[in-house]
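The exercises below ask for a careful reading of a single model, each followed by a solution that proceeds in steps. Please look at the sequence and the structure before turning to the first task.

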Amino acid sequence: RTGDALTLEIRHRGRPLQSQLISLVRRIEGAPSAQTLTTDDRGQVKIVAGPADYYLTRASLEERTGAVGQVDKRVFEATYVFVVHRP
């Protein structure tokens, strides 16, 4: 509900992701409502629920591996949609 505290936790391969950027967007307001949050040392971000709406969260992680002179790049992305109701 509006005003409630939420905690999102971002994990990759079972471990919390520290200092991970998270995007948060309200459906009705779209891009102008976008916020960028950063996870703490436990891979968490704390949010106070805004106005009643659908919210989209997005996290993207890029991994680079490979031998000298060769780079393999993998991108992992997760999205989560939640609903905030009126109190």
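**Exercise 1: a contact at the start of the chain**

Arg-1 is exposed, because its relative accessible area is 54%, where buried means under 20% relative accessible area, exposed over 50% and partly exposed in between (1.4 Å probe, protein chains only). The model is predicted, so that local features need pLDDT of at least 70 and side-chain atom pairs count only at pLDDT 80 or more, while totals for chains, interfaces and linings use all residues. Residues are numbered from 1 along each chain as its sequence is written, and side-chain values use heavy atoms, with hydrogens and water left out.

Task: state which side chain meets that of Arg-1 in a salt bridge.

Solution. Apply the criterion, a side-chain nitrogen of Lys or Arg within 4 Å of a carboxyl oxygen of Asp or Glu. The partner is Asp-4, at 3.9 Å from N to O, and Asp-4 is partly exposed because its relative accessible area is 30%. This contact belongs to a structure that holds eleven salt bridges.

**Exercise 2: the sheet and its edges**

Task: give the strand order of the open four-stranded sheet and identify its edge strands.

Solution. Strands are DSSP runs (E, at least two residues) numbered from the N terminus, and two of them pair if DSSP finds at least two bridges between them. The order is 5-4-7-8, with antiparallel pairing. Strand 5 (35-38) and strand 8 are the edge strands, since each pairs on one side only. Between strand 7 and strand 8, which run antiparallel, there are 13 bridges, and among the residues involved, Arg-64 has Lys-73 in strand 8 as its bridge partner.

**Exercise 3: side chains across strands 7 and 8**

Task: find which salt bridges are formed by Glu-77 and by Lys-73.

Solution. Begin with Glu-77, whose side chain meets that of Arg-58 at 3.0 Å, N to O; this pair links distant parts of the chain, with Glu-77 in strand 8 and Arg-58 in strand 7, 19 residues apart. Arg-58 is partly exposed, because its relative accessible area is 35%. Continue with Lys-73, whose side chain meets that of Glu-62 at 3.5 Å, N to O; here too distant parts of the chain are linked, from strand 8 to strand 7, eleven residues apart. Lys-73 counts as partly exposed because its relative accessibility is 48%, and Glu-62 counts as partly exposed because its relative accessibility is 41%.
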